[in-house]
Amino acid sequence: MALQKKIPLRKCVATGEMHPKKEMIRVVRTKEGEVFVDLTGKKSGRGAYVSKSEDAIELARKKKVLDNQLEAKVPAEIYDELTRVVLREQLKK
């Protein structure tokens with residue numbers, strides 16, 4: 001009998017919905033205060049997860065949720081990069 005592997009869930013900071021970790025995008029703030037998108041999900045630093053949807057990214061941008069979660073000013077380029085990642089994923093499907 002095969003054991004079913006536990007799928008790690010993460011909560012989207014914008015929508016509050018729980019999704020498998022692989023369906024989320026992680027944004028990280030390092031100790032130095034640098035904020036960037038972590039596509040591997042393994043970089044060290046404080047992380048926040050956003051759903052892979054344009055709506056969730058726009059909601060996070062409007063409410064400045066990532067600023068609050070990461071306790072740092074998140075530049076507009078980060079949101080643009082998140083949108084590019086989502087669009088790239090949609091093209092692959």
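**Exercise 1. The core**

Find which residues touch the most other members of the largest nonpolar core, and say which elements supply this core.

*Solution.* Step 1: Take the largest nonpolar core, a set of 24 residues. Leu66 and Leu82 touch the most other members. This is a predicted model.
Step 2: List the suppliers. Strands S3, S4 and S5 each give at least two residues, and helices H1 (54–63), H2 (65–70) and H3 each do too.
Step 3: Pick out the largest share. H3 supplies five residues of this core.

**Exercise 2. The sheet**

Work out the strand order of the three-stranded sheet, and explain why S4 and S5 each have a side without a neighbour.

*Solution.* Step 1: Write down the order. The sheet is open and reads S4-S3-S5, with antiparallel pairing.
Step 2: Look at the edges. S4 (35–38) and S5 (46–51) stand there, and each has a single partner strand, so one side of each has no neighbour in the sheet.
Step 3: Add the twist. On average, neighbouring strands here are turned by 30 degrees against each other, ignoring direction.

**Exercise 3. The bridges**

Count the bridges that S3 makes to S5 and to S4, and name a bridge partner for Arg29 and for Arg26.

*Solution.* Step 1: Recall the rule. Strands of a sheet pair through backbone hydrogen bonds, in a parallel or antiparallel way.
Step 2: Start with S5. Six bridges join S3 (residues 24–29) to S5, and the two run antiparallel. Arg29 has Arg46 in S5 as its bridge partner.
Step 3: Move to S4. Four bridges join S3 to S4, again antiparallel. Here Arg26 is paired with Asp38 in S4.
Step 4: Check the connection. S3 and S4 form a hairpin, with five residues between them. In the turn, Gly33 has a positive phi of about 95 degrees.

**Exercise 4. Two residues at the surface**

Decide whether Leu9 and Gln90 are buried, partly exposed or exposed, and place each in its element.

*Solution.* Step 1: Use the cut-offs. Buried means under 20% relative accessible area, exposed means over 50%, and partly exposed lies in between.
Step 2: Apply them to Leu9. Its value is 44%, so Leu9 is partly exposed. Leu9 lies in strand S1 (residues 9–11). With Ile7 and Met18, Leu9 makes a nonpolar surface patch of about 310 Å².
Step 3: Apply them to Gln90. Its value is 43%, so Gln90 is partly exposed. Gln90 sits in helix H3 (residues 76–92).
Step 4: Compare sequence and space. Gln90 and Arg26 are 64 residues apart in sequence, and their C-alpha atoms are 17 Å apart.

Definitions and conventions: Residues numbered from 1 in each chain as written. Predicted model: local features only at pLDDT ≥ 70, side-chain atom pairs only at ≥ 80, totals over all residues. Heavy atoms only, no water. Pairing = 2+ DSSP bridges. Axes fitted to C-alpha atoms, helices over the stretch in contact; angles between N-to-C directions. Buried < 20%, exposed > 50% of the residue type's maximum accessible area, 1.4 Å probe, protein only. Patch = residues over 30% accessible without salt bridge, like charges linked within 9 Å, V, L, I, M, F, W, Y side chains within 5 Å. Areas by Shrake-Rupley, 256 points an atom, 1.4 Å probe, with all protein chains shown as cover. Salt bridge = Lys/Arg side-chain N within 4 Å of Asp/Glu carboxyl O. Core = buried A, V, L, I, M, F, W, Y, C linked by side-chain atoms within 4.5 Å.
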